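Work through the exercises below with the sequence and the structure in view. Each task is followed by a solution in steps.

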Amino acid sequence: MELISSKLNIDFVGFRKWAYVISLATLLVSLGFLVTKGLNFGLDFSGGAVMQLRFPGPAPIGEIRTALAHIGLGAAVIQEFGAPEEILIRLHQDKDSKEHEASKVAQKIMDAITPLAKTGKVELRRVEFVGPQVGHELTVNGIWAVIYSWLAILIYVGVRFEFRFAFGAVLALVHDVFITIGFFAITQKEFSLVVVAAVLTIIGYSINDTIVVFDRIRDETKRLRQQPLEMIINEAVNRTLSRTIITSLTVVLVLVALIFFGGEVIHDFAITLLLGVVVGTWSSIYVASPIVLEWERWRGSKTSS
């Protein structure tokens, strides 16, 4: 299926300086929020306890908040979870807290809010506890997982193509990851292990898109041997544009459906992937390939000097 004519000849390379400005501005905003506001780490990283409860009718969140304040549990986050009857209660624990102490807290909460159910009884659906030490280890492991994926891709693309392609691909992935994580710093949405999984998925999606363009550049380089690299990159991106748009639109449609109908459990995962697909598609066209061109020009200027 060809969504866009193969005879199309958009000057993507000619727009690259404006694309640099857009990407750089977005990156700076993301980094600015990461430095000044930081991330709103979920219990997976910060440590604490989470309880999921189901009421026989709509949960009286205001009354629950008042009841918890009276038993002195400190700052508790209470939010609706998928339906008006279900809520999540999140509690941050001190660094010395133990799991059995969290169980006592859970029982204390149940005793406080059970009388609030007008009819029936409050159902405790799950209690999870993550110690602060485990949260710290997960943070470190998550950062290393992303760095290892970049290194693996650098080696893979360097061996399969050339180092200039590997350099462009990894810079594009760094661009994708920081903009995606910056979104969570700007919105202060909870940053959890689910989001880390989504970020790693984005890396896989984005590099796949970039490899398709690189493959085409390599083919066009053999066919248009005497032509400048700008023309070859434009030819490659135009020839793969139809495939890129169809793939991205298909994934976007699935993710939009998951956001609206997939429920709370995968909501953040779907939002992260949706943002990552858009940013990854942009970077495969306007970051990875133009960096190959800039690298070639830089190497040419060094050789001539």
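Two strands count as paired if DSSP finds at least two bridges between them. The model used here is a predicted one.

**Exercise 1. The sheet**

Task: State in what order the strands of the open sheet are arranged, and find its edge strands.

Solution:
- Step 1. The open sheet has four strands, in the order β3-β4-β2-β5, and the pairing is antiparallel.
- Step 2. β3 (76-81) and β5 (123-130) are the edge strands, as each pairs on one side only.
- Step 3. On average, neighbouring strands of this sheet are turned by 20 degrees against each other, direction ignored.
- Step 4. Take one pairing: β2 (residues 48-54) and β4 (residues 83-91) are joined in the antiparallel sense over six bridges. Val50 has Arg90 in β4 as its bridge partner.

**Exercise 2. An aromatic pair between separate parts**

Task: Classify the ring pair of Phe161 and Phe214, and say which parts it ties together.

Solution:
- Step 1. A pair of aromatic rings is described by the distance of the centres and the angle of the planes.
- Step 2. Ring centres must lie within 6.5 Å to pair, and planes over 60 degrees apart count as edge-to-face. By this rule there are 14 aromatic pairs.
- Step 3. For Phe161 and Phe214 the values are 6.0 Å centre to centre and 70 degrees between the planes, and the pair is edge-to-face.
- Step 4. Phe161 sits in the loop between α5 (132-160) and α6 (163-187), and Phe214 in helix α7 (residues 193-223), so the pair ties together parts 53 residues apart in sequence.
- Step 5. Both Phe161 and Phe214 are buried.

**Exercise 3. A pair within one helix**

Task: Classify the ring pair of Trp282 and Tyr286, then decide whether each residue is buried or partly exposed.

Solution:
- Step 1. The ring centres of Trp282 and Tyr286 are 4.7 Å apart and the planes stand at 40 degrees, so this pair is tilted.
- Step 2. Both residues belong to helix α9 (residues 267-304), where Trp282 and Tyr286 are four residues apart, about one turn of the helix.
- Step 3. Buried means under 20% relative accessible area. Tyr286 has 13%, so Tyr286 is buried. Trp282 has 25%, so Trp282 is partly exposed.
- Step 4. Ring pairs link Trp282 and Tyr286 with Phe12 and Phe15 into a cluster.

**Exercise 4. A surface patch**

Task: Name the residues of the nonpolar surface patch that includes Phe15.

Solution:
- Step 1. Phe15, Trp18, Val21 and Ile22 make this patch of about 410 Å².
- Step 2. Val21 is found in helix α1 (residues 16-36). Val21 is partly exposed, with a relative accessible area of 48%.

Notes: Residues numbered from 1 in each chain as written. Predicted model: local features only at pLDDT ≥ 70, side-chain atom pairs only at ≥ 80, totals over all residues. Heavy atoms only, no water. Phe/Tyr/Trp six-rings, centres within 6.5 Å; stacked < 30°, edge-to-face > 60°. Helix = DSSP H or I, 4+ residues; strand = E, 2+ residues; numbered from the N terminus. Buried < 20%, exposed > 50% of the residue type's maximum accessible area, 1.4 Å probe, protein only. Patch = residues over 30% accessible without salt bridge, like charges linked within 9 Å, V, L, I, M, F, W, Y side chains within 5 Å. Areas by Shrake-Rupley, 256 points an atom, 1.4 Å probe, with all protein chains shown as cover. Salt bridge = Lys/Arg side-chain N within 4 Å of Asp/Glu carboxyl O. Axes fitted to C-alpha atoms, helices over the stretch in contact; angles between N-to-C directions.
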